[in-house]
Amino acid sequence: MDRKITSKNKDSGAPSPSPAAWSLYVLRCGDGSLYAGIARDVDARVAQHAAGTGARYTRGRGPLTVVGRVACADKGAALSLELRFKRLARAEKLRLLARRPRFLAWAAAAEAARAARGASSATRARGGAPA
């Protein structure tokens, strides 16, 4: 069974993140459901999903379409962003994915909040006053 893989963001003019960087990616499955994951090389990971060797959830749910992709600073940031995205209601996920700039702004705000939490934790660990 052939599976169609397309990407709405390929022609967006935005440079694709380097394969060494971690990214959050969001797929729309053939049944309309969304799947979010992280990978260093999103294209290779999507190919694994399409081949049936990726996540169990995506097997048999083709065709798969990449509807969102965000480069992250590191694996921890990607995992944090993935969890934050998965906790959103479906309607909010669809609203974010409807416009790439909105999705990127949400991701940047989430990363800034994560960095701020990390900075305040470091201050408390050194014995400083809580922020």
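Here are a few short exercises on this predicted model, each with a worked solution.

**Exercise 1: Confidence**

Find the average pLDDT of the protein, and say where pLDDT stays under 50.

Solution. Start with the whole protein: the average pLDDT is 84, and 76% of the residues score at least 70. Next, look along the chain: residues 7–15 keep a pLDDT under 50. The model does give this stretch 10 contacts beyond four places in sequence. Still, go easy here: where pLDDT is low, the predicted coordinates should not be read in detail.

**Exercise 2: Cysteines**

Work out whether Cys 29 is buried or exposed, do likewise for Cys 72, and give the count of disulfides.

Solution. The cut-off you need is that buried means under 20% relative accessible area. Cys 29 has 3%, so Cys 29 is buried. Cys 72 comes in at 11%, so Cys 72 is buried too. Now for the disulfides: a pair would need its sulfur atoms within 2.5 Å, and the count comes to 0.

**Exercise 3: The loop between α1 and β4**

Say which peptide bond is cis, place Pro 63, and then describe the surroundings of Thr 53.

Solution. First, the bond from Gly 62 to Pro 63 is cis, with omega near 0°. That's worth a second look, because most peptide bonds are trans. Pro 63 sits in the loop between α1 (42–51) and β4 (64–71).

Thr 53 is also in the loop between α1 and β4. Exposed means over 50% relative accessible area; Thr 53 has 55%, so Thr 53 is exposed. Leaving out residues up to four places away in sequence, Thr 53 touches Gln 48 and Arg 59.

Definitions and conventions: Residues are numbered from 1 along each chain as its sequence is written. This is a predicted model: local features need pLDDT of at least 70, side-chain atom pairs count only at pLDDT 80 or more; totals for chains, interfaces and linings use all residues. Side-chain values use heavy atoms; hydrogens and water are left out. pLDDT is the predictor's confidence in each residue, from 0 to 100. Contact means heavy atoms within 4.5 Å. Buried means under 20% relative accessible area, exposed over 50%, partly exposed in between (1.4 Å probe, protein chains only). Helices (H or I, at least four residues) and strands (E, at least two) are DSSP runs, numbered from the N terminus.
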